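I opened this notebook page to keep track of what I looked up in the structure, entry by entry. I begin with the chain as a whole and then go on to single residues.

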Amino acid sequence: MKTIFSGIQPSGIGTLGNYLGALRNFPPLQENYDCYFCIVDQHAITVPQDRLALRKNIKSLAAFYIAAGIDPNKSTLFIQSEVPAHAQLGWILQCTSYIGELERMTQFKDKSTGKDAVSSALLTYPPLMAADILLYGTDIVPVGEDQKQHLELTRNLAERFNRKYNDIFTVPEVQIPKVGARIMSLTEPTKKMSKSDPNTKSYISLLDEEKQIIKKIKSAVTDSENEIRFDPETKPGVSNLLTIFSLCSSYSIDELESQFKNTGYGPFKEAAAEAVADTLRPIREKYDDLITSSELDDILDHGAEKANRKAMKMLKKAEKALGL
Ligand code: ADP
Ligand code: NA
């Protein structure tokens with residue numbers, strides 16, 4: 001059976017972007033793959049986090065994975081920092097990577113430009129991500145488009161290590177969804193939607209109430225044309241709403257274009273907001289049940305146990321190859 005790995009950072013409450021670009025695609029994979037889903041808390045602390053908020057976000061993310069359809073009996077759901085092999089192999093892969101290639105990562109440039117205090121971990125985050133993936137002999141990594149460059153680096157590091165030592169690592173393939181791989185910010189539609197955006201109006205959180213969803217979509221930045229047409233280059237705001245609407249309904253983007261041909265932006269936004277609210281409602285309901293139960297801790301303990309067993313084997317192999 002082939003192996004799948006994917007991680008989400010508990011750096012805030014999950015967004016509609018995380019759902020449409022990642023989470024939503026996971027449940028069907030569980031039937032045919034050995035799946036590892038990780039709450040990557042060590043990645044989250046590459047930028048300062050509030051201690052209590054981080055605790056809460058870790059728990060909340062675990063609940064979202066399950067509410068979105070991850071079955072802990074089929075998949076392994078765990079917290080990164082509870083499996084020390086991630087940091088250990090991460091170190092080895094830092095020794096395998098070059099500063100130059102890490103400095104070229106666009107996410108590093110985005111997160112560090114203009115900041116006067118940047119943690120060194122912000123630079124060495126991609127080798128840790130490579131470790132996350134390589135520890136499980138991962139064949140496929142389903143992620144949004146923003147992770148494509150990090151995945152390419154992971155492949156390079158695996159190949160470099162394999163060439164120099166033994167063929168230890170499986171070189172993983174990236175799997176990016178055809179639609180929804182890059183949901184954009186509602187306030188700056190040329191930027192990706194992200195939970196780490198300080199402007200909370202820029203994203204729909206998976207915990208937003210229906211009223212907030214409507215408010216945010218109604219005030220989403222579009223353009224002055226009042227024409228509903230899919231053209232990400234010249235109409236990024238409207239195109240983003242069309243993508244979101246289509247993924248949250250049974251309509252294709254073409255169908256939506258003709259359905260809202262003469263309505264203007266008001267009614268279009270209202271209908272889009274309703275589709276988003278309808279999509280998130282059942283997830284939110286399951287989430288509310290889970291977050292108050294004690295089930296989550298047991299699931300995460302069990303997941304960490306399983307992940308530790310598998311990860312430790314790979315770490316040992318890599319250490320042995322190096323002479324450690
Ligand atoms: P965030 O920027 O929200 O902190 P993460 O780094 O935690 O995102 O990413 C978790 C998963 O969600 C990854 O697979 C990532 O590719 C995907 N993802 C993040 N933002 C988006 C987006 N705006 N559109 C589509 N997928 C996204
Ligand atoms: Na991110």
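Entry 1, surface. Before noting an area I wrote down how it is obtained: accessible areas come from the Shrake-Rupley method with a 1.4 Å probe. The model I am reading is a predicted one, and in it the accessible surface of the chain comes to about 15500 Å², with 50% of that belonging to carbon and sulfur atoms. I also looked up burial, and found that 52% of the 324 residues of the chain count as buried.

Entry 2, overall build. I counted through the secondary structure and noted 13 helices and five strands in the chain. The radius of gyration is 20 Å, and the globule rule gives 20 Å for 324 residues, so the chain is as compact as a globular protein of that length. Taken along the principal axes, the box filled by the C-alpha atoms is roughly 70 × 45 × 40 Å. I then turned to contacts between residues at least 6 apart in sequence, and of these 77% join residues at least 24 apart.

Entry 3, charges. I looked up where the charges of the chain are centred, and the mean positions of the 40 positive and 43 negative charges lie 4 Å apart.

Entry 4, cores. Which residues have the most contacts inside the largest nonpolar core? I found L23, Y65, V276 and L280 in that place, in a core of 62 residues. Helix 12, residues 265–291, gives the most to this core, namely eleven residues. Apart from it lies another core, of 37 residues, and I noted V83, L93, I133 and V143 among them. As background I wrote beside this that nonpolar side chains tend to be buried together in soluble globular proteins. For L280 I also listed the partners, leaving aside neighbours within four places in sequence, and they are L16, Y19, I204, S205, L206 and I213.

Entry 5, K216. I next looked at a lysine in helix 9, K216, and asked whether K216 is buried or exposed. With a relative accessibility of 11%, K216 counts as buried, because the cut-off for buried is under 20%. Outside the four places on either side in sequence, K216 is in contact with L186, T200, K201, Y203, I204, S205 and D208.

Entry 6, the loop between helix 9 and helix 10. I took two residues here, D223 and N226, in the loop that runs between helix 9 (210–218) and helix 10 (236–247). D223 has 25% relative accessibility and counts as partly exposed, and beyond its sequence neighbours within four places D223 is in contact with K235, V238 and Y265. The C-alpha atoms of D223 and K2 are separated by 45 Å, with these positions 221 residues apart along the chain. N226 also counts as partly exposed, at 45% relative accessibility. I noted the backbone of N226 as well, since phi there is near 60°, a positive value in a residue other than glycine.

Entry 7, Q30. This residue lies in the loop between helix 1 (16–21) and strand 2 (34–39), and although it is in a loop I found Q30 to be buried, with a relative accessible area of 5%. With neighbours within four places set aside, the contacts of Q30 are C35, G69, I70, D71, K74 and S75. I checked a distance from Q30 too: G266 is 236 residues apart from it in sequence and 40 Å apart in space, C-alpha to C-alpha.

Entry 8, two exposed loop residues. K115 sits in the loop between helix 6 (106–112) and helix 7 (120–134), and with a relative accessible area of 52% K115 is exposed. From K115 to D301 I noted 37 Å, C-alpha to C-alpha, for residues 186 apart in sequence. S294 is in the loop between helix 12 and helix 13 (295–322), and S294 counts as exposed at 56% relative accessibility. The C-alpha atoms of S294 and N32 are 29 Å from each other, the two residues being 262 apart along the chain.

Terms used: Residues numbered from 1 in each chain as written. Chains lettered and ligands numbered in written order. Predicted model: local features only at pLDDT ≥ 70, side-chain atom pairs only at ≥ 80, totals over all residues. Heavy atoms only, no water. Helix = DSSP H or I, 4+ residues; strand = E, 2+ residues; numbered from the N terminus. Rg over C-alpha atoms; globule rule 2.2 N^0.38 Å. Buried < 20%, exposed > 50% of the residue type's maximum accessible area, 1.4 Å probe, protein only. Contact = heavy atoms within 4.5 Å. Lys, Arg positive; Asp, Glu negative; His and termini not counted. Charge placed at Lys NZ, Arg CZ, Asp CG, Glu CD. Core = buried A, V, L, I, M, F, W, Y, C linked by side-chain atoms within 4.5 Å.
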